[in-house]
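Colleague: I would like to go through this model with you. Please tell me how each label is earned.

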Amino acid sequence: MNDISARYAFAVVGFDREAVVSDLCDMVSIRSENPFDGPPRPGYRENELGEFLLARLTDLNFEVGSREVAPGRPNVWGRLEARSKGPSLMLAGHMDTVGTGSYDNPFAPRVEHGRVYGHGSCDMKAGLAAYLEVARLLAKSGIQLGGDLLIAGTADEEWRLAGSRDMGRKGPGADFGIIGESEPLTEVAPLDVPVESPLAQATVRAFEAVVGEPAIVRAHAAATDAPNPGFPTIIFRPGSLEQAHSLCEFVEMNEIEIAAKTYLRVAMELLGRVTW
Ligand SMILES: [Zn+2]
């Protein structure tokens, strides 16, 4: 076992499924539909979801910030500052969801058969819940990364991508980015990032180490924030694209666990020196 494998193994023992489910259910119940051209109003609460993320990240020792990209519609982020100045990684995800259509109780999350059901559970609050678990695993294990880890929530992915565009112009930036957007679990989608790039390769290696199966690298088939932040960004997350925008959306808990563990391992590998 090399250095990272031993420390990674130590850290992931602390994976806390209950905390992940609890965060995800909290986020599903914060209704954050994209208001499109309308103002934010009841039912369109990206802002409240942002506040939830900021509170969690503050508790986990991140330095937090936010900036409105439209009135009442912020991007939010937290930075876990490293003592050394290795490369930085941002785990980013959109906070808005599409509209709900007509299914029952979309904002009353349900946990059943290893799945979390609810509007936005898959697209993409599960990704945000996985990021928070990465932050918790780092805090619990005492592992210090060799470069900064950022966790960010963007506004308006489902309409004009105003959040990620704003981030591309005004920051924060990073050397590498991952967006936990709905994707078949075994696939790493590098978009405009070469398959041979350190980011794509680290993600493939991390996934294979976590799951013990090969990852598939392919282009992503839907619009996302990924090209906009202004730094190399890939899509990697559990949950199928069919679930996103579906009328009975769910995410498999196992997939969130694999994603969180993969993100952690990618961070440990890409950001360089890791100390306890
Ligand atoms: Zn999405």
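**Helix crossings and a sheet**

Modeller: Helices H2 and H4 cross in a right-handed way. This is a predicted model.

Colleague: Where do H2 and H4 sit, and how do their axes cross?

Modeller: H2 covers residues 17-29 and H4 covers residues 121-141. Their axes come within 9 Å and cross at roughly 140°.

Colleague: Why is H2 called oblique to H4?

Modeller: Set the angle against the cut-offs. Roughly antiparallel needs an angle over 145 degrees, and roughly perpendicular covers 65 to 115. The value of roughly 140° fits neither, so H2 is oblique to H4.

Colleague: Which residues meet there?

Modeller: From H2, they include Ala19, Leu24 and Met27. From H4, they include Ala126, Leu128 and Arg136. By class, the contact of H2 with H4 holds nine nonpolar, one polar and four charged residues.

Colleague: What makes H4 oblique to H7?

Modeller: The axes of H4 and H7 (residues 253-270) cross at roughly 50° and come within 9 Å. Roughly parallel needs an angle under 35 degrees, and roughly perpendicular starts at 65. Roughly 50° falls between those cut-offs, so H4 is oblique to H7. This crossing of H4 and H7 is right-handed.

Colleague: Which residues of H4 and H7 meet?

Modeller: Among them are Ala130, Tyr131 and Val134 in H4, and Ile256, Tyr263 and Leu264 in H7. The contact of H4 with H7 has twelve nonpolar residues, no polar ones and one charged.

Colleague: Now the sheet. What is the strand order, and is the pairing mixed or not?

Modeller: The order is E1-E2-E6-E3-E7-E10. These six strands form an open sheet with mixed pairing.

Colleague: What makes E1 and E10 the edge strands?

Modeller: E1 (63-70) and E10 (233-235) each pair on one side only. The twist from one strand to the next averages 20°.

Colleague: How do you know that E7 and E10 pair?

Modeller: Pairing takes at least two bridges. Three bridges join E7 (residues 176-179) to E10, so the two strands pair. They run parallel. Isoleucine 179 stands opposite isoleucine 235 in E10.

Colleague: Which strands does helix H5 lie across?

Modeller: H5 (residues 162-170) lies across E1, E2, E3 and E6. H5 runs at about 115° to E1.

Colleague: And how many helices and strands are in the chain?

Modeller: The chain has seven helices and eleven strands. Of its 276 residues, 52% are buried.

Definitions and conventions. Residues numbered from 1 in each chain as written. Predicted model: local features only at pLDDT ≥ 70, side-chain atom pairs only at ≥ 80, totals over all residues. Helix = DSSP H or I, 4+ residues; strand = E, 2+ residues; numbered from the N terminus. Buried ≥ 20, exposed ≤ 12 C-beta atoms within 10 Å, placed from the backbone. Axes fitted to C-alpha atoms, helices over the stretch in contact; angles between N-to-C directions. Left-handed = near helix turned anticlockwise from the far one by under 90°. Contact = placed C-beta atoms within 7 Å. Nonpolar A, V, L, I, M, F, W, Y, C, P; charged D, E, K, R; others polar.
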